[in-house]
Protein chains: 4
Amino acid sequence: MRLAAGQPNNSNWMIERGVKKTSRAERKARRPHEILEAAFEEFAAKGYAATRVEDIATRLRITKGTVYLYFPTKDVLFQEMFRHAATSSADLSTAIGCLRGSCAERIRDLLLIAYENTANDRKTRELLRLSVAEGARLPEMVDCRHELFIAPTLAALTALVKEGVKSGELRQDTAADTPDVLASSIVQVAAWRLMSADREPIDGKALMESHIDLVMHGLVQPSGRMA
Amino acid sequence: MRLAAGQPNNSNWMIERGVKKTSRAERKARRPHEILEAAFEEFAAKGYAATRVEDIATRLRITKGTVYLYFPTKDVLFQEMFRHAATSSADLSTAIGCLRGSCAERIRDLLLIAYENTANDRKTRELLRLSVAEGARLPEMVDCRHELFIAPTLAALTALVKEGVKSGELRQDTAADTPDVLASSIVQVAAWRLMSADREPIDGKALMESHIDLVMHGLVQPSGRMA
Amino acid sequence: MRLAAGQPNNSNWMIERGVKKTSRAERKARRPHEILEAAFEEFAAKGYAATRVEDIATRLRITKGTVYLYFPTKDVLFQEMFRHAATSSADLSTAIGCLRGSCAERIRDLLLIAYENTANDRKTRELLRLSVAEGARLPEMVDCRHELFIAPTLAALTALVKEGVKSGELRQDTAADTPDVLASSIVQVAAWRLMSADREPIDGKALMESHIDLVMHGLVQPSGRMA
Amino acid sequence: MRLAAGQPNNSNWMIERGVKKTSRAERKARRPHEILEAAFEEFAAKGYAATRVEDIATRLRITKGTVYLYFPTKDVLFQEMFRHAATSSADLSTAIGCLRGSCAERIRDLLLIAYENTANDRKTRELLRLSVAEGARLPEMVDCRHELFIAPTLAALTALVKEGVKSGELRQDTAADTPDVLASSIVQVAAWRLMSADREPIDGKALMESHIDLVMHGLVQPSGRMA
DNA sequence: AATGAATGAGGGTTCATTCAT
DNA sequence: AATGAATGAACCCTCATTCAT
């Protein structure tokens, strides 16, 4: 006996009879999120052009067609994925508010937090890769990353340095105008990890500590600074 | 002076008018180089997968087929291009030999030279982009870049720091063990330029100076270091 | 009844008018078979290299891409096609079992059956063409044909001749050692048809009868055999 | 100093000074022949479509361009090659005139000669392959082969059989009308060799002898023919 | 909602043919 | 006469996208 032609070939009858674990509604609500996560993995691993929509679907054990139910084109999916990944990453603002101690201590802690959330966080690191790789294709992408990650950190850094200079704890110097250099080792670690792909792991934390020590106290013997 | 399109392809008229400058042999000898240069531009701009061999050819006003006379596959072309671009870039070794002054001065000069040749040199910068973007695809590529650019610079840096520590000019500290952090601002500038694509130009030189000043003398007031 | 080109691709009108006979599933199940058949026609007509995958597709009113849904490469398609065509061709074994009469009669009937299934069967004949044309490319192809067609026939022939010699019905002679020559006219007819392409049709059956008569009774007058 | 424009870039100055072994004229006269021979080898080995003009040139250690000096297109080259190979093959007519002995003996000798010149001659055998493989493409090719090889042999065979029947040496039978079947084993051996590609060599001569014996004296015991 | 068969627009690569040297 | 760089038309194969089920 064949199914009547008018009847939709409802493949979900199991669900309706209580066999389900997750309701259809739940599933549907979760789908976009799942797809964005899968897209992140694939795009990060292979880049935009080399990633096939089917690869993303397969990762979720669904089919291409389903992806297109939620995102109209590969391009849109990529952008949404980027925005999603950038947004879902850890939020620095609360951490920044909790800093205690001298300016130097707070700068140090801020840098370490930023490091943990950037160079040491795989997701954020891969977003950096995509920004570099596909940056020319999607300028807004870069701006998005900048606004969410970099700008707040730099703002906090700038504020801290200003405060320190005012209180006399920190030197008033050209460096005070470009506090971004304080964070340069974060980028360095991230870049290294992106390129070495774990073939030559480095101790990022140690490198951060070294850099912080350096930018705080300088390489040159203080006596030498008399001149 | 461009050739008129309708011109009969008389084999001699060009010669007779002195228009001909490049003989066939010359042209052929130059072709591989030209193609590698064009490939560099295209691959750097769009990445491996998104670049069409035809784009590379069109840039030289030749056809796809001609490219394949010199390189057997797109993949080989990419690798050769990378090697070529990496090799043809400026050589630091001579510059390193000419450094004069105190250790601090020489470190400063070395960093500025490295900056000029890396973050401030478009070619090298784009190689960094490719290393990040396609690094997973071609680990050797990254190693190639590392050996040619980074290793020598770091070696020189390490030697200078050691010398300075020995002579007492520089502090003996954890930082002395990881001299790479001295160069972190180079990576930072490079990364910034790769991502902003000149939409938000930065004064790389000033940033370098700031960073060098910082890592040399520290952000913290020297009096605070007595402890 | 063909579909009008301008017809809106309304998903239901065909069903409602009873035009739809093949469901999607049926169609899919049939596709590999259809493609193999179409491939047979094209490859047989033009040879491997000169056949375009698109030709095969067009024959089925589908597109190239669809062919690649079922066969990964042109090469695999060719091999599968060959195997399919060889396997699907008539099976001699049952026919061989039904032979009755004297050895001479059974040999005669066997040869005629083999003729019908080989030289007189277009499919088998074209497989012979492919074996000759592309044999160097694919030795296994030839072996495949040999095992399926030739070996069984020769085995039966050998058995019959042995039986006849034992019973005294047939001459014991060098010919008894190489019963394959009994079947040579089959090859001859097949070769002729492959080359003349029906421009000069021959009466294969008559030729077979002549040959069988000859190999049975000899061209030479029996009295002349005294010498 | 560059060559004057009017002077032909004579690369053969060595020849003119007596360095040569073969004069340019000789060379030129031989070229078409050489190319046809090389074309035969390549086309026979790979078929028309799969053979590249460059393969043919390389075999002669010349370049593609040179081939095009003598033959306007690949297609023409193929046809000329076929005609050349067919023509240059051994001529049966003289051999046929030398036959001596009874009709049976002369038929036997004729078949053996035809075998030597056809199934046992690599060149002729490969022409058979091409006729089968590309026959549909070029009907004239097949006719060419037919006229040169098959027709004369069959004519001689027919004449001999007629003569034998008239003189009473040979049976008057249906077989006398289709003397081609006498030659069927030649085709059989040729076909076998073309397909097995020497992987399973057969003793063609023995097979020929068997077949001749069979068609002459029959497989059935002469006593059985009394009935 | 989900599927996956089908499409068709390319992109990589090959190769017959041309032509300046 | 000979070369071989260059061309451009195909051909194989892939994949984003659609749509009937």
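Let us start with a single residue: Tyr68(D) is partly exposed, with a relative accessible area of 41%. That label fits because buried means under 20% and exposed means over 50%, with partly exposed in between. Keep in mind, as you look around, that this is a predicted model.

Where does Tyr68(D) sit? You will find Tyr68(D) in helix 4 of chain D, which covers residues 64-70. Leaving out residues up to four places away in sequence, Tyr68(D) touches Val53(D), Thr73(D) and Lys74(D). Another useful landmark is Pro32(D): 36 residues separate Pro32(D) from Tyr68(D) in sequence, and their C-alpha atoms are 11 Å apart in space.

Now step back to a whole chain, and take chain A. Chain A has eleven helices and zero strands, so its pattern along the sequence reads α-α-α-α-α-α-α-α-α-α-α. Of the 227 residues in chain A, 47% are buried. Among the contacts in chain A with a separation of 6 or more, 65% are between residues 24 or more positions apart.

Next, look at how chain A meets chain B. Here 53 residues of chain A are in contact with 53 residues of chain B. Together the two chains bury about 4,900 Å², and 64% of that area is on carbon and sulfur atoms. On the side of chain A, Arg171(A), Met195(A) and Leu219(A) supply 16% of the area buried against chain B, more than any other three residues.

Arg171(A) also takes part in a salt bridge: its side chain meets that of Asp213(B), with 3.2 Å from N to O. Across this interface there are two salt bridges, along with twelve residue pairs in polar contact. Which elements of chain A give two or more residues to the side that touches chain B? They are helix 7 (103-117), helix 8 (122-134), helix 9 (139-167), helix 10 (184-196) and helix 11 (204-217). By class, this side of chain A divides into 29 nonpolar, 14 polar and ten charged residues.

One polar contact is worth finding by eye. The side chains of Thr178(B) and Ser210(A) are joined by a polar contact of 2.9 Å. Thr178(B) lies in the loop between helix 10 (174-177) and helix 11 (184-196) of chain B. Within its own chain, Thr178(B) is 24 residues from Leu154(B) in sequence, and the two are 9.4 Å apart in space, C-alpha to C-alpha.

How are chains A and B arranged? A turn of 179° with a shift of 0.1 Å along the axis lays chain A on chain B with an RMSD of 0.2 Å. The two copies are therefore related as by a two-fold rotation axis. In chain A, the C-alpha nearest that axis belongs to Gly218(A), 1.7 Å away from it. The copies meet through the same surface, because 100% of the interface residues of chain A are also interface residues in chain B.

Finally, turn to chains C and D. The contact takes 53 residues from chain D and 54 residues from chain C, and the area buried between them is about 5,000 Å², with 64% from carbon and sulfur atoms. In chain D, Arg171(D), Met195(D) and Leu219(D) lose the most area to chain C, together 16% of what that side buries. Two salt bridges cross this interface. Arg171(C) forms a salt bridge with Asp213(D), with the closest N and O atoms 3.2 Å apart.

Notes: Residues are numbered from 1 along each chain as its sequence is written. Chains are lettered from A and ligands numbered from 1 in the order in which they are written. This is a predicted model: local features need pLDDT of at least 70, side-chain atom pairs count only at pLDDT 80 or more; totals for chains, interfaces and linings use all residues. Side-chain values use heavy atoms; hydrogens and water are left out. Contact means heavy atoms within 4.5 Å. Buried area is the accessible area (1.4 Å probe) that two parts lose on being put together, summed over both. A salt bridge is a side-chain nitrogen of Lys or Arg within 4 Å of a carboxyl oxygen of Asp or Glu. A polar contact is a pair of N or O atoms within 3.5 Å; within protein, one must be able to donate a hydrogen and the other to accept it, and residues adjacent in sequence count only if both atoms are side-chain atoms. Helices (H or I, at least four residues) and strands (E, at least two) are DSSP runs, numbered from the N terminus. Ala, Val, Leu, Ile, Met, Phe, Trp, Tyr, Cys and Pro count as nonpolar, Asp, Glu, Lys and Arg as charged, and the others, Gly among them, as polar. Copies are superposed by least squares on the C-alpha atoms of residues with pLDDT of at least 70 in both. Buried means under 20% relative accessible area, exposed over 50%, partly exposed in between (1.4 Å probe, protein chains only).
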